[in-house]
Amino acid sequence: MNPRLDALHPYPFEKLRALLASATAQPDGLTPINLSIGEPKHAAPERVAQAIRDNLGGLSVYPSTKGDPALRQAIANWLARRYSIPAPDAETQVLPALGSREALFAFTQTVIDPAAGSVVICPNPFYQIYEGATLLAGATPYYVNADALRNFACDWNQVPDEVWKKTRMVFVCSPGNPAGNVMTLDEWEDLFALSDRHGFVIASDECYSEIYLDEGNPPLGGLQAARRLGRNDYRNLVAFSSLSKRSNVPGLRSGFVAGDAALIGRFLRYRTYHGSAMSPLVSAASIAAWTDEAHVKDNRRLYREKFEAVLPILQNVLDVQRPQASFYLWAATPGSDTAFARDLYGRTGVTVLPGSFLAREAHGVNPGQGRIRLALVAPLADCVQAAERIAHFVHTSV
């Protein structure tokens, strides 16, 4: 067996199940409300469903690893529209993927030389795929703690020079999970300068890019930042995105990678053997999604309504702020985050995720400790009821 498997940590939701098993029994008559997992619950677009029905013949065709040229062009055109940049070369700078999760993991295996004592830098808290991909690639993760005083941004100045010298890749997530913070152009400029100095690759996870609350201020993307700073070849930068959150189709498993043509070429070679080609049926559905913005705008409206309804309730009892983007709230707890989540579930039937489960202890602290993540993915009425239960729980517990 691969000994690196033993280095993997339990997934946050495994920890959560064990924690909730120790909770007291819920009162009768309370319907459980789950705000712990970021699984979109809004309806999938009808145009995507129709594209699937219209392309069932694709089940009888072996797919191309490089992906349908029409899909690659649709993605390139979307990037151009969304970020006001020239369309990336659909032939060399764009590659469809089976969701960003698959791509993030596989791309790490492409970049890392396990014999080189490589380091991969991860934000902390983080999406656990970053860590798992790093460990299974034979590298060592180095965690940069989110700083609440910097809007939960990472302070790259925390990283010692001897660590940068061994760094082969840096994961960034913007908009961030769990805090919904967006990297600024200045932050991108600093990271690009470090990449130029030390030669590492930047893997930019942008799966929440289309869930923003200010319709007139969409989040800055990595490719967009590179263009603004004159990095027109996207050197050492690859962006990852997905239709799961944008279009409410997590079961479609469709996303893309885009950026540095040299890195995309190496990744394509890896994926030729990895066996992750996208079915023509999924490609057709993806084209239908990437070429329509009406359903995406409506999706944002639904999330905005939830934030507007829930925040006034929770801000009366918890330290919690409106995020720049994503569908999460990153709330401080009055005491232990794990005890809060366990007792909240036991008394109210509301499930939230302890922040410490999303982070590792690094530099003497677990930066997720004392916080909970709430995913506002349930229907509006359920989100409001959950907020009211949380408020009552805090009032009667503190």
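Which residues of the largest nonpolar core touch the most other members? The views below take up this question and a few others, using a predicted model.

**View 1. The largest nonpolar core and its best-connected members.** This core has 48 residues, and the ones that touch the most other members are Ile121, Trp156, Trp188 and Leu191. Zoom in on Trp156 and, setting aside neighbours within four places in sequence, you'll find it in contact with Ile121, Val144, Trp164, Val170, Val172, Glu187, Leu191 and Leu194. There's also a second, separate core, this one made of 40 residues, with Phe307, Ile313, Leu353 and Leu358 among them. As a rule of thumb, nonpolar side chains in soluble globular proteins tend to be buried together.

**View 2. Ser204 in its strand.** Ser204 sits in strand β7, which covers residues 201-205. Buried or exposed? Ser204 counts as buried because its relative accessibility is 0%. Its side chain makes a polar contact with the side chain of Glu206, at 2.6 Å. Leaving out residues up to four places away in sequence, Ser204 touches Val172, Trp188, Leu237, Val238, Ala239 and Phe240. Two of these names may ring a bell: Trp188 is one of the residues picked out in the largest core, and Val172 is also a contact of Trp156.

**View 3. The largest cavity.** The structure holds 2 cavities of 30 Å³ or more, and the largest has a volume of about 240 Å³. Its lining is made of 19 residues, and those nearest the centre are Pro123, Phe152, Cys154, Cys173 and Asn181. Strands β3 (119-124), β5 (153-154) and β6 (167-173) each give at least two residues to this lining. The largest share, 3 residues, comes from β6.

**View 4. The largest pocket.** Here you're looking at about 550 Å³ of space. The pocket is lined by 27 residues, with Tyr11, Gly38, Arg101, Tyr127 and Lys245 closest to its centre. Which elements give two or more residues to the lining? They are α1 (12-21), α4 (99-111) and α9 (243-246). Of these, α4 has the largest share, with 3 residues.

**View 5. The annotated domain.** An unreviewed UniProt entry places the feature "domain: Aminotransferase class I/classII large" at residues 33-388. In the model, the C-alpha atoms at the two ends of that span lie 12 Å apart. Helix makes up 40% of the span and strand 17%.

Conventions: Residues numbered from 1 in each chain as written. Predicted model: local features only at pLDDT ≥ 70, side-chain atom pairs only at ≥ 80, totals over all residues. Heavy atoms only, no water. UniProt positions renumbered as here; feature names shortened; annotations may be inferred. Helix = DSSP H or I, 4+ residues; strand = E, 2+ residues; numbered from the N terminus. Buried < 20%, exposed > 50% of the residue type's maximum accessible area, 1.4 Å probe, protein only. Polar contact = N/O pair within 3.5 Å; in protein donor to acceptor, adjacent residues only side chain to side chain. Contact = heavy atoms within 4.5 Å. Core = buried A, V, L, I, M, F, W, Y, C linked by side-chain atoms within 4.5 Å. 1 Å grid on protein atoms, 1.4 Å probe; cavity = no way out; pocket = protein on both sides within 12 Å on 5 of 7 lines; lining within 4 Å. Points joined across faces, edges and corners; volume = space filled by probe spheres on them.
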